[in-house]
Each structure stands twice: as structure tokens, then as C-alpha cells.
Amino acid sequence: MDGKDFSIVIYDRMDKPYFLLLHNKSADRWELVNGTMQEGETPEKAAIREFAKKTGLTKGKIQKKLELIDNRSIFIIESNMNTPVHIDMANGHDTYLWSPLDSVNGKLQGTEKETFTIALKEVIPSSNMEG
């Protein structure tokens, strides 16, 4: 299936989880890693390709794949925040942040925030994003 969009929530489960956010310079906002499947790719291969391309990270494990009603997928990938991130500036990102849970929600907006909230229930099943 060519052209299917997906998002990736990247986290490191330390004493408490930290989540990787990329800053979109032109839009001046924080984002998750997003991508589109290429012809002949499996969804998992596409997620690993975008994970590596946009972050420079080479070690990450897909923990879960979620299918949403709008035919968009969310991949949850566990990685290590002690590994250097090398963002792909060609995609408009200028910096990154490993953010603790308590500050992620205030950094994301719109669809990015909704996607994160859905994924968070899988990373921390008892999580409550209200308040």
C-alpha cells in the first residue's frame, strides 16, 4: 500500500518515560516523527526507515502498531535517549528535545497532540492526560 501516512511516538522508559519531539522551524512547533510508506514497503519497514532517517537513531524497537479509523497508523518505538540524535534538517526540523511526560502535552498541538494522547495509553496504560 503506497502513500499511507503514519506517526511515530519515540520514547525511552527511564525512571519515568521521556518522549522525542522534533522542532519544525518554519511552523515553529514541536512534532512527532511522521512519514509515508513507499511502494513495496511494509508498514514496519517504513516506520524503521523514517525513524532512522529523521532522528539518526539506529537502535529502536517497535513496541506496538496502532491502526486508527482514518487509516493512519501510529508506531510506538522504544529507544535510548543517551544515544545522540542527528535530525534530518532537510525535513524542516532544526532541533530536538527528549521531553518528560508532564511537559509533552503542552508542546504538541492539534493532530500531533491527539496522536500522542492515543499512543500514551499504550505506553502508560493508566495514564490520564486530563488536567
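A residue counts as buried when its relative accessible area is under 20%, as exposed when that area is over 50%, and as partly exposed in between. The legends below use these words in that sense, and the model they describe is predicted.

**Figure 1. Overview of the predicted chain, with its three helices and seven strands.** From the N terminus, the elements follow the pattern β-β-β-β-α-β-β-β-α-α. The C-alpha trace spans about 40 × 30 × 30 Å along its principal axes. A compact globule of 131 residues would have a radius of gyration near 14 Å, and the chain, at 14 Å, agrees with that. Of the 131 residues, 44% are buried. The exposed surface of the chain amounts to about 7,200 Å², and carbon and sulfur atoms supply 48% of it. Among contacts with a separation of 6 or more, 64% are between residues 24 or more positions apart.

**Figure 2. Confidence along the chain, which averages a pLDDT of 89.** A score of at least 70 is reached by 92% of the residues. Among the elements, strand β3 has the highest mean pLDDT, 96. Helix α3, residues 110-123, has the lowest, with a mean of 90. Where pLDDT is low, the predicted coordinates should not be read in detail.

**Figure 3. Strand β1 (residues 5-13) and its pairing partners.** Seven of the nine residues of β1 are buried, and the strand is mostly covered. Strand β6, residues 73-78, runs parallel to β1 and is joined to it by six bridges. Within that pairing, F6 stands opposite S73 of β6. Strand β4, residues 33-36, pairs with β1 in the antiparallel sense over four bridges. Here D5 is opposite T36 of β4. β1 also runs antiparallel to β2, with three bridges between them. In a regular strand, side chains alternate between the two faces of the sheet.

**Figure 4. Surroundings of S7, a residue of strand β1.** S7 has a relative accessible area of 1% and is therefore buried. Its side chain makes a polar contact of 2.6 Å with the side chain of N34. Leaving aside neighbours within four places in sequence, N34 is one of the residues in contact with S7. V33 also touches S7, as do R72, S73, I74, F75 and T115.

**Figure 5. Strand β2 (residues 17-24), largely enclosed by the rest of the structure.** Seven of the eight residues of β2 are buried, so the strand has this enclosed position. Strand β7, residues 93-100, runs antiparallel to β2 and is joined to it by seven bridges. L20 stands opposite W98 of β7. On the β1 pairing, Y11 has F19 of β2 as its bridge partner.

**Figure 6. Two hairpins that share strand β2.** One hairpin is formed by β1 and β2, with three residues between the strands. The other is formed by β2 and β3, with four residues between them. In the turn of this second hairpin, D28 has a positive phi of about 50°. Strand β3 covers residues 29-31 and pairs with β2 in the antiparallel sense over three bridges. W30 of β3 is the bridge partner of H23.

**Figure 7. K53 in helix α1 (residues 43-55).** K53 has a relative accessible area of 45%, so this residue is partly exposed. Not counting residues up to four places away in sequence, K53 touches D88 and N91. The C-alpha atom of K53 is separated by 17 Å from that of L97, and the two residues are 44 residues apart along the chain.

Notes:
Residues are numbered from 1 along each chain as its sequence is written. This is a predicted model: local features need pLDDT of at least 70, side-chain atom pairs count only at pLDDT 80 or more; totals for chains, interfaces and linings use all residues. Side-chain values use heavy atoms; hydrogens and water are left out. Buried means under 20% relative accessible area, exposed over 50%, partly exposed in between (1.4 Å probe, protein chains only). Two strands pair if DSSP finds at least two bridges between them. Contact means heavy atoms within 4.5 Å. A polar contact is a pair of N or O atoms within 3.5 Å; within protein, one must be able to donate a hydrogen and the other to accept it, and residues adjacent in sequence count only if both atoms are side-chain atoms. pLDDT is the predictor's confidence in each residue, from 0 to 100. The radius of gyration is taken over C-alpha atoms; the globule rule is 2.2 Å times the number of residues to the power 0.38. Accessible areas come from the Shrake-Rupley method with a 1.4 Å probe; for residues, only the protein chains shown count as cover.
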